Number of protein chains: 2
Amino acid sequence: MNGALDIETTANILKLLGDKTRLTMIKIMSEHECCVCEFVDLFEMSQPAISQHLRKLKDSGIVNEARRGQWIFYSLNQTSSYYSFIQTVIKDLPSQNFKLEELTAQGKRICCD
Amino acid sequence: MNGALDIETTANILKLLGDKTRLTMIKIMSEHECCVCEFVDLFEMSQPAISQHLRKLKDSGIVNEARRGQWIFYSLNQTSSYYSFIQTVIKDLPSQNFKLEELTAQGKRICCD
DNA sequence: AAATTAAATAAGTATATGCTTATGTGATTA
DNA sequence: TAATCACATAAGCATATACTTATTTAATTT
C-alpha cells in the first residue's frame, strides 16, 4: 500500500496537515488514540472547534472514530491510502506523549478498562 | 542538517505545500530551475498570481531566486533547514518533467546558454 | 423517566487566502 | 534614450478557514 499519490490529492492532505492544531492531533493519535474531551483539555479551544477539526480529518479518511461508552475515540486510520504518506510526514515530529502524561497527572485521562 | 522541526514550523511549511499550484511548482523546481514566465505558461494563471506564490515560497526560505539576464530563475534552496523535510514530502510525487518537455516542444523554454 | 455528560451540528463572524486588474521597477534592445 | 520585456507590488474582491455561541443528539447515571 505504498502507491504514490497524485499532486492534487497530496496537496489536499498537506492542507489538512498544515494547521498546528490538526498536525498536533495527528501526531498524538499516531501515538495513542484519544477522545474529544481529552483534546478539549489539551488544546485551549472550545469543544466545537475540536469537533470540527476532527470532522475534517474523518471526512478525508485520515482518522477513525470508535464509540466506547459515552466517549468517542479517534485514532489514525492505518488502512487509509494516505497512512504511509502521513507517517512519513510526521515521523520526525517531537513526540507529544508528554501532553497525555500531563492529562494523566491531572486525572483527566479517559480510560475504558 | 537533518534536525527535526517543531510542530508549528512544520505546520507552516505544510500549509505552504498544501496548495496544488505551489506543490507542483516545488516538484518542478526539485527537478529543474524555472523562471517566472515558464510558470506562467505552465499554469493557466496570471503572472501576478505566479509571482505571489513564488514570493511566499521565497519569504519562507524554501526557494532561491537568481537573476540571469532579464529572467529571474527560481530553484529549491538546498541549504534551507527545511530542504530535507520537503524532499521527503515530495519525493514520491509524479515527476513533472513532462510539463517542461511540453514547453520545450512549444519553443517556450527559457535557456541562458 | 429525568438529569447529566459527551459530542455533533448550526449559524454567525473575523481573518486569511488566492485570485484579479492596474501600476511600478529593473534589465535589455532598438 | 525611448520602447520593450520580465517581474514585482498594490489594491480590491470573493471565497475559504477557523473560530465563537447556541442548540441538538445520543449515551449514561440517578
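This briefing covers how two protein chains pair and how they meet two DNA strands.

The model is predicted: local features need pLDDT of at least 70, side-chain atom pairs count only at pLDDT 80 or more, and totals for chains, interfaces and linings use all residues. Residues are numbered from 1 along each chain as its sequence is written, chains are lettered from A and ligands numbered from 1 in the order in which they are written, and side-chain values use heavy atoms, with hydrogens and water left out.

**Symmetry**

- A turn of 180° and a shift of 0.0 Å along the axis lay chain A on chain B with an RMSD of 0.0 Å (least-squares superposition on the C-alpha atoms of residues with pLDDT of at least 70 in both).
- The two copies are thus related as by a two-fold rotation axis.
- The copies meet through the same surface, because 100% of the interface residues of chain A are also interface residues in chain B.

**Interface between chains A and B**

- Chain A gives 24 residues to the contact and chain B gives 24 residues (contact means heavy atoms within 4.5 Å).
- The buried area is about 1800 Å², and carbon and sulfur atoms give 74% of it (accessible area, 1.4 Å probe, that two parts lose on being put together, summed over both).
- A:Ile7, A:Leu14 and A:Lys20 supply 30% of the area that chain A buries against chain B, more than any other three residues.
- Two salt bridges are counted between chain A and chain B (a side-chain nitrogen of Lys or Arg within 4 Å of a carboxyl oxygen of Asp or Glu).
- One joins the side chains of A:Lys20 and B:Glu8, at 3.4 Å from N to O.
- The elements that give two or more residues to the side of chain A that touches chain B are α1 (7–17), α2 (20–31) and α5 (83–90) of chain A (helices are DSSP runs of H or I, at least four residues; strands are runs of E, at least two; both are numbered from the N terminus).
- The largest share of that side, seven residues, comes from α1(A).
- By class, the side of chain A that touches chain B has eleven nonpolar, five polar and eight charged residues (Ala, Val, Leu, Ile, Met, Phe, Trp, Tyr, Cys and Pro count as nonpolar, Asp, Glu, Lys and Arg as charged, and the others, Gly among them, as polar).
- A:Glu8 also forms a salt bridge with B:Lys20, with the closest N and O atoms 3.4 Å apart.
- This pair crosses between chains, from helix α1 of chain A to helix α2 (residues 20–31) of chain B.

**DNA strand C**

- Strand C is surrounded by 26 residues, and the closest are A:Gln47, A:Ser51, A:Tyr74, B:Ser46 and B:His53 (near means a heavy atom within 4 Å).
- Of the strand C atoms within 4 Å of the protein, 64% belong to sugar or phosphate and the rest to bases.
- A polar side-chain atom of B:Lys56 lies 2.7 Å from a phosphate oxygen of strand C.
- A polar side-chain atom of B:Gln52 lies 3.0 Å from a base oxygen of strand C.

**DNA strand D**

- Among the 26 residues around strand D, A:Ser46, A:His53, B:Cys37, B:Ser51 and B:Tyr74 come nearest.
- Sugar or phosphate accounts for 65% of the strand D atoms within 4 Å of the protein, and bases for the rest.
- An N or O atom in the side chain of B:Tyr74 is 2.3 Å from a phosphate oxygen of strand D.
- The side chain of B:Gln52 has an N or O atom 3.4 Å from a base nitrogen of strand D.

Notes:
Polar contact = N/O pair within 3.5 Å; in protein donor to acceptor, adjacent residues only side chain to side chain.
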